[in-house]
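Reader: I would like to go through this structure by question and answer. Please keep it brisk.

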Amino acid sequence: MSEMTPELTFEQALRALEDVVRKLESGEVPLDDSITLYEEGERLRKLCQARLDAASARIEKIVKGADGQPATAPFDADA
């Protein structure tokens with residue numbers, strides 16, 4: 001999966017990460033496989049964090065005021 005990791009959406013990467021965590025928490029995985037799973041989990045975690053950081057940066061850019069300072073705008077669910 002690691003070759004495909006950059007192609008995953010956030011949701012796919014999160015589901016894969018959750019699967020890795022479940023396998024590791026089960027205690028049924030041999031040590032060598034656990035290490036490989038842990039490495040894959042770390043790659044997935046970094047991918048998820050990068051996607052969250054990018055989304056956060058986009059949101060900050062959207063809500064910045066004309067003067068470049070952060071501004072708040074009311075959320076209008078009907079819009």
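Reader: In which helix does I59 lie?
Author: This is a predicted model, in which local features need pLDDT of at least 70, side-chain atom pairs count only at pLDDT 80 or more, and totals for chains, interfaces and linings use all residues. Residues are numbered from 1 along each chain as its sequence is written, and side-chain values use heavy atoms, with hydrogens and water left out. Helices (H or I, at least four residues) and strands (E, at least two) are DSSP runs, numbered from the N terminus. I59 belongs to helix 2.

Reader: Is I59 buried or exposed?
Author: Buried means under 20% relative accessible area, exposed means over 50%, and partly exposed is in between (1.4 Å probe, protein chains only). The relative accessible area of I59 is 54%, so I59 is exposed.

Reader: Which residues make a nonpolar surface patch with I59?
Author: Patches are made of residues with over 30% relative accessible area and no salt bridge; like charges are joined within 9 Å, and nonpolar side chains (Val, Leu, Ile, Met, Phe, Trp, Tyr) within 5 Å. A salt bridge is a side-chain nitrogen of Lys or Arg within 4 Å of a carboxyl oxygen of Asp or Glu. Accessible areas come from the Shrake-Rupley method with a 1.4 Å probe; for residues, only the protein chains shown count as cover. The patch covers about 300 Å², and the partners of I59 in it are I62 and V63.

Reader: How many helices and strands does the protein chain have?
Author: Helix 1 covers 10–26. Helix 2 covers residues 31–63. The count for the protein chain is zero strands and two helices.

Reader: What distance does helix 2 reach from its first C-alpha to its last?
Author: The expected span of a helix is 1.5 Å times one less than its number of residues. Helix 2 has 33 residues, which gives an expected 48 Å at 1.5 Å a residue. The model comes close to that, at 47 Å.

Reader: Which residues form the largest nonpolar core?
Author: A nonpolar core is a set of buried Ala, Val, Leu, Ile, Met, Phe, Trp, Tyr and Cys residues joined through side-chain atoms within 4.5 Å. In soluble globular proteins, nonpolar side chains tend to be buried together. Here the largest such core has nine residues: L8, A13, A16, L17, V20, L37, L44, L47 and C48. At least two of this core's residues come from each of helix 1 and helix 2.

Reader: Against which helix do the buried residues of helix 2 pack?
Author: Helix 2 buries S34, L37, E40, G41, L44, L47 and C48. Their packing partner is helix 1.

Reader: Which residues does S34 touch, not counting those up to four places away in sequence?
Author: S34 sits in helix 2. Its relative accessibility is 19%, so S34 counts as buried. Contact means heavy atoms within 4.5 Å. With that cut-off, S34 touches L24 and V29.

Reader: How many salt bridges does a search of the whole structure find?
Author: Side chains of opposite charge can pair when their charged atoms come close. One pair is K23 with D19, whose closest N and O atoms are 3.3 Å apart. R45 and E42 also pair, at 2.7 Å from N to O. The search finds three.

Reader: Which residue forms a salt bridge with R43?
Author: R43 is partly exposed, at a relative accessible area of 35%. Its partner is three residues away in helix 2, about one helical turn. That partner counts as buried because its relative accessibility is 9%. The closest N and O atoms are 2.7 Å apart, and the partner is E40.

Reader: How many residues apart are K23 and D19?
Author: K23 is partly exposed, with a relative accessible area of 38%. D19 is partly exposed too, at 31%. Both lie in helix 1, and about one turn of the helix separates them: four residues.

Reader: What distance separates the C-alpha atoms of Q12 and L44?
Author: Q12 lies in helix 1. Its relative accessible area is 35%, so Q12 is partly exposed. Q12 and L44 are 32 residues apart along the chain, yet their C-alpha atoms are separated by 9.6 Å.
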